[in-house]
Amino acid sequence: MSFHSENLPVPPGDDRSEAIEHVVAEVEDEIRHGQVSEDVSHLLTERLEAAGIALPPDAVDDLAEAIENDVSL
């Protein structure tokens, strides 16, 4: 993950931050390898929910935008 963990939509020290970072890293890797054809926000929501993490839609959208920006660099 290229962006810093302090940019995650959870407070510092939150137990969810490691799981979110893992999901983000997986999604970034899949995007880089051309394996993502759907909306990143939708995919991220699905992956986070599968990991037992619920974030507000605006937080997921912000995270998806950060992922897309990181991958495009």
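The exercises below work through a predicted model of a protein, from its overall layout to single residues.

Residues are numbered from 1 along each chain as its sequence is written. Local features need pLDDT of at least 70, side-chain atom pairs count only at pLDDT 80 or more, and totals for chains, interfaces and linings use all residues, while side-chain values use heavy atoms and leave out hydrogens and water.

**Exercise 1. Overall layout**

Task: State how many helices and strands the protein has, and describe its burial and surface.

Solution:
1. Helices (H or I, at least four residues) and strands (E, at least two) are taken as DSSP runs, numbered from the N terminus. The protein has three helices and zero strands, and along the sequence the pattern reads α-α-α.
2. Buried means under 20% relative accessible area, exposed over 50%, and partly exposed in between (1.4 Å probe, protein chains only). Of the 73 residues, 34% are buried.
3. Areas come from the Shrake-Rupley method with a 1.4 Å probe; for residues, only the protein chains shown count as cover. The accessible surface is about 4500 Å², and carbon and sulfur atoms account for 46% of that surface.
4. A contact means heavy atoms within 4.5 Å. Taking contacts between residues at least 6 apart in sequence, 52% join residues at least 24 apart.

**Exercise 2. The salt bridge**

Task: Find which side chains form the salt bridge, and place both residues in the structure.

Solution:
1. The criterion is a side-chain nitrogen of Lys or Arg within 4 Å of a carboxyl oxygen of Asp or Glu. One salt bridge is present.
2. The partners are Glu 30 and Arg 47, at 2.8 Å from N to O. Glu 30 lies in helix H1 (residues 16-32) and Arg 47 in helix H2 (residues 40-50), so the bridge ties together parts 17 residues apart in sequence.
3. Side chains of opposite charge can pair when their charged atoms come close.
4. Glu 30 counts as buried because its relative accessibility is 19%. Arg 47, at 25%, is partly exposed.
5. Apart from neighbours within four places in sequence, Glu 30 contacts Gln 35, Val 36, Leu 43 and Arg 47.

**Exercise 3. The nonpolar core**

Task: Identify which elements supply the largest nonpolar core.

Solution:
1. A nonpolar core is a set of buried Ala, Val, Leu, Ile, Met, Phe, Trp, Tyr and Cys residues joined through side-chain atoms within 4.5 Å.
2. The largest such core holds 17 residues, and those with the most contacts inside it are Ile 20, Val 27, Leu 44, Leu 48, Leu 55, Leu 63 and Ile 67.
3. H1, H2 and helix H3 (57-72) are the elements that give two or more residues to this core. H3 gives the most, with six residues.

**Exercise 4. Packing of H2 and H3**

Task: Describe how H2 and H3 cross, and list the residues that make the contact.

Solution:
1. Axes are lines fitted to C-alpha atoms, for helices over the stretch in contact, and angles run from 0 to 180 degrees between N-to-C directions. The two axes come within 9 Å and cross at roughly 115°.
2. From H2, the contact is made by Val 40, Ser 41, Leu 44, Thr 45 and Leu 48. From H3, the residues are Val 60, Asp 61, Leu 63, Ala 64, Ile 67 and Glu 68.

**Exercise 5. Two aspartates**

Task: Classify Asp 62 and Asp 29 by exposure.

Solution:
1. Asp 62, in helix H3, counts as exposed at 52% relative accessibility. Its C-alpha is 8.6 Å from that of Ser 41, a residue 21 places away along the chain.
2. Asp 29, in helix H1, counts as partly exposed at 39%. Asp 29 and Val 71 are 42 residues apart in sequence and 8.5 Å apart in space, C-alpha to C-alpha.
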